[in-house]
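Student: I should like to go through this model with you, beginning with its loops. Could we take the backbone first and the interior afterwards?

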Amino acid sequence: MRPYQHITRDVDNAPRGPATLAFFDFDGTIIFGYSIATVMLEAITSGKLSPADALRKFVRLISEGTDTNDYGALLQQAAESLVGRPEAELVELGEKIFDRYLAAAIYPESRALIRAHQACGHTVAIVSSATPYQILPSARELGIEHVLCNELEIADGVFTGGVKSPVCFADGK
């Protein structure tokens with residue numbers, strides 16, 4: 001019996017082809033934990049954020065980000081804090097976070113399910129309230145082309161402070 005066959009049995013027996021869609025959440029489903037926690041951890045270890053500030057921000061995100069309006073407001077605040085910064089900084093940060101934390105946080109069961117769907121020719125997508133900077137390196141590692149997530153507005157390679165609508169959270173997913 002191949003590893004995780006007990007988990008992939010239903011997928012293995014599903015109809016073949018791209019008309020079958022497999023949507024995966026990112027945080028807590030593909031990876032163990034929350035990718036935003038790794039962003040905070042990297043900010044602390046790089047000296048850009050104190051541990052106390054990171055903890056306050058993380059607790060606020062978890063406690064207040066419980067509905068679309070609150071989460072949208074928090075996402076907007078994050079976007080505004082990036083005004084004028086080049087997108088390349090977050091792309092680089094996302095790669096660093098993937099290498100240091102997220103690659104090892106991908107559940108082997110999730111890898112098996114994703115591979116099973118791909119072997120069946122299914123359309124596989126990640127749908128997440130995170131940003132591409134948190135998700136895209138993992139998606140590339142897993143061979144997932146379709147990512148639906150929150151995107152920040154960019155003009156000429158620089159963050160404008162806006163968030164693209166709709167917000168991908170709760171009902172927005």
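**Backbone, helix and pocket**

Tutor: Asp-156 lies in the loop between strand S4 (152–155) and S5. Please keep in mind that this is a predicted model.

Student: What is the phi of Asp-156?

Tutor: The phi of Asp-156 is positive, about 55°, although the residue is not a glycine.

Student: What is the general rule for phi?

Tutor: Most residues other than glycine have a negative phi, and most peptide bonds are trans.

Student: Is Asp-156 buried or exposed?

Tutor: Asp-156 counts as exposed, because its relative accessibility is 84% and the cut-off for exposed is over 50%.

Student: Which residue in the segment before H1 has a positive phi without being a glycine?

Tutor: That is Tyr-4, which is found in the segment before H1 and has a phi of about 70°. Tyr-4 counts as partly exposed because its relative accessibility is 28%.

Student: Where is there a cis peptide bond?

Tutor: A cis peptide bond joins Ser-165 and Pro-166, with omega at about -5°. Pro-166 is located in the segment after strand S5 (158–163).

Student: Let us turn to H6. How does its span agree with what is expected?

Tutor: Helix H6 covers residues 108–119, which is 12 residues. At 1.5 Å a residue these should span 16 Å, and the end C-alpha atoms are 16 Å apart, so the two values agree.

Student: Which residues of H6 are buried?

Tutor: The buried residues of H6 are Ser-110, Arg-111, Ala-112, Ile-114, Ala-116 and His-117.

Student: And what covers them?

Tutor: The cover includes helices H1 (5–12), H5 (87–105) and H7 (132–142), together with strands S1 (21–24) and S2 (123–127).

Student: What comes just after H6?

Tutor: Gly-121 comes just after H6 and takes a positive phi of about 80°.

Student: Now the largest pocket. How much space lies in it?

Tutor: The largest pocket holds about 1400 Å³ of space. Its lining has 41 residues, and those nearest the centre are Ile-36, Val-39, Met-40, Ala-78 and Gln-134.

Student: Which elements give two or more residues to that lining?

Tutor: Those elements are helices H2 (35–45), H3 (51–64) and H4 (68–80), along with H5 and H7. The largest share, 7 residues, comes from H5.

Student: How many of the lining residues are nonpolar, polar and charged?

Tutor: The lining of the largest pocket has 20 nonpolar, 10 polar and 11 charged residues.

Key:
Residues numbered from 1 in each chain as written. Predicted model: local features only at pLDDT ≥ 70, side-chain atom pairs only at ≥ 80, totals over all residues. Heavy atoms only, no water. Helix = DSSP H or I, 4+ residues; strand = E, 2+ residues; numbered from the N terminus. Expected span 1.5 Å × (residues − 1). Buried < 20%, exposed > 50% of the residue type's maximum accessible area, 1.4 Å probe, protein only. Contact = heavy atoms within 4.5 Å. 1 Å grid on protein atoms, 1.4 Å probe; cavity = no way out; pocket = protein on both sides within 12 Å on 5 of 7 lines; lining within 4 Å. Points joined across faces, edges and corners; volume = space filled by probe spheres on them. Nonpolar A, V, L, I, M, F, W, Y, C, P; charged D, E, K, R; others polar.
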